[in-house]
Amino acid sequence: PNQLFEVGPCSSDGELKLIDEQPMNVTAGRFSRPFCPIRSHNRRCLDVEGEQVKPGTQMIAYHCAMKWNQLFSFGGADHPGSIFINIPYRLHRTKTLCLERTDGDERLLRAETCAADRPAQRFVL
């Protein structure tokens, strides 16, 4: 049960398609792409700890507040299999951070700079 997750409800701009054994297929909408909470079996949401906007920030499970630090999208052709978060601060240099499995302990996740060539940033849902 600790590995059961629910994605959504998602924003309505764009479309997500789940294909067995493949990364999530994402189609951007007119203005954006879908952004969704990722909830665990105990109804807690995946959350960027402390709303930190820097690489290396740990991901935690926290009560679902539907704030920007709990809304994720999924990579397209440029980053297949990635799960990322958009940083909403206009003046902030980094605009997206990708989830990455932590070296040495694959049970832990952190937010890192997105890189298509990093296997630790690829996920299949």
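Trainee: Why does cysteine 45 count as buried?

Mentor: Keep in mind that this is a predicted model. Cysteine 45 has 0% relative accessibility, and buried means under 20%, so the label applies.

Trainee: How do you know that cysteine 45 and cysteine 64 are joined by a disulfide?

Mentor: Look at the sulfurs. They sit 2.0 Å from each other, S to S, and the cut-off is within 2.5 Å, so the pair qualifies as a disulfide. With 100 degrees about the S-S bond, this link is right-handed.

Trainee: What does the pair of cysteine 45 and cysteine 64 tie together?

Mentor: Cysteine 45 belongs to strand S5, while cysteine 64 is in the loop between S6 and strand S7 (72-74), so the disulfide connects parts 19 residues apart in sequence.

Trainee: And what is cysteine 64 called, buried or partly exposed?

Mentor: Cysteine 64 is at 27% relative accessibility. Partly exposed runs between the 20% and 50% limits, so that is the term for cysteine 64.

Trainee: Why is strand S5 described as largely enclosed?

Mentor: Of the five residues in S5 (residues 44-48), four are buried, so the rest of the structure largely encloses the strand.

Trainee: What makes S5 and S6 a pair?

Mentor: Pairing takes at least two bridges, and S5 and S6 have five, running in the antiparallel sense. For a spot to look at, find arginine 44, which stands opposite histidine 63 in S6.

Trainee: Isoleucine 60 is in S6 too. Why is isoleucine 60 called partly exposed?

Mentor: Its relative accessibility is 27%, and the partly exposed class lies between 20% and 50%, so isoleucine 60 falls in that class. Setting aside residues up to four places away in sequence, isoleucine 60 touches Cys45, Leu46, Asp47 and Glu49.

Trainee: How many disulfides are there, and how are the cysteines paired in sequence order?

Mentor: The count comes to three disulfides. Number the bonded cysteines in sequence order and the pairing reads 1-2, 3-4, 5-6.

Trainee: How do you know that the disulfide of cysteine 10 and cysteine 36 is right-handed?

Mentor: The torsion about its S-S bond is about 110 degrees, so it is right-handed. The pair links distant parts of the chain, 26 residues apart: cysteine 10 is in the loop between strand S1 (5-7) and strand S2 (15-17), and cysteine 36 is in the loop between strand S3 (25-27) and strand S4 (38-40).

Trainee: Which term fits cysteine 36, buried or exposed?

Mentor: Buried, because its relative accessible area is 0%. Cysteine 10, at 35%, counts as partly exposed.

Trainee: What makes cysteine 98 and cysteine 114 a disulfide?

Mentor: Their sulfur atoms are 2.1 Å apart, and the limit is within 2.5 Å, so the pair passes. The torsion is about 105 degrees, so this disulfide is right-handed. Cysteine 98 is in strand S9 (residues 96-102) and cysteine 114 in the segment after strand S10 (105-112), 16 residues apart.

Trainee: Why does arginine 33 count as buried?

Mentor: Arginine 33 lies in the loop between S3 and S4. Its relative accessibility is 19%, and buried means under 20%, so arginine 33 counts as buried.

Trainee: What makes its approach to phenylalanine 74 a polar contact?

Mentor: A polar atom of the arginine 33 side chain lies 2.6 Å from the backbone oxygen of phenylalanine 74. The distance cut-off is within 3.5 Å, so the pair meets it. Other residues in contact with arginine 33 include Ser11, Asp13 and Phe84.

Methods. Residues numbered from 1 in each chain as written. Predicted model: local features only at pLDDT ≥ 70, side-chain atom pairs only at ≥ 80, totals over all residues. Heavy atoms only, no water. Helix = DSSP H or I, 4+ residues; strand = E, 2+ residues; numbered from the N terminus. Buried < 20%, exposed > 50% of the residue type's maximum accessible area, 1.4 Å probe, protein only. Contact = heavy atoms within 4.5 Å. Polar contact = N/O pair within 3.5 Å; in protein donor to acceptor, adjacent residues only side chain to side chain.
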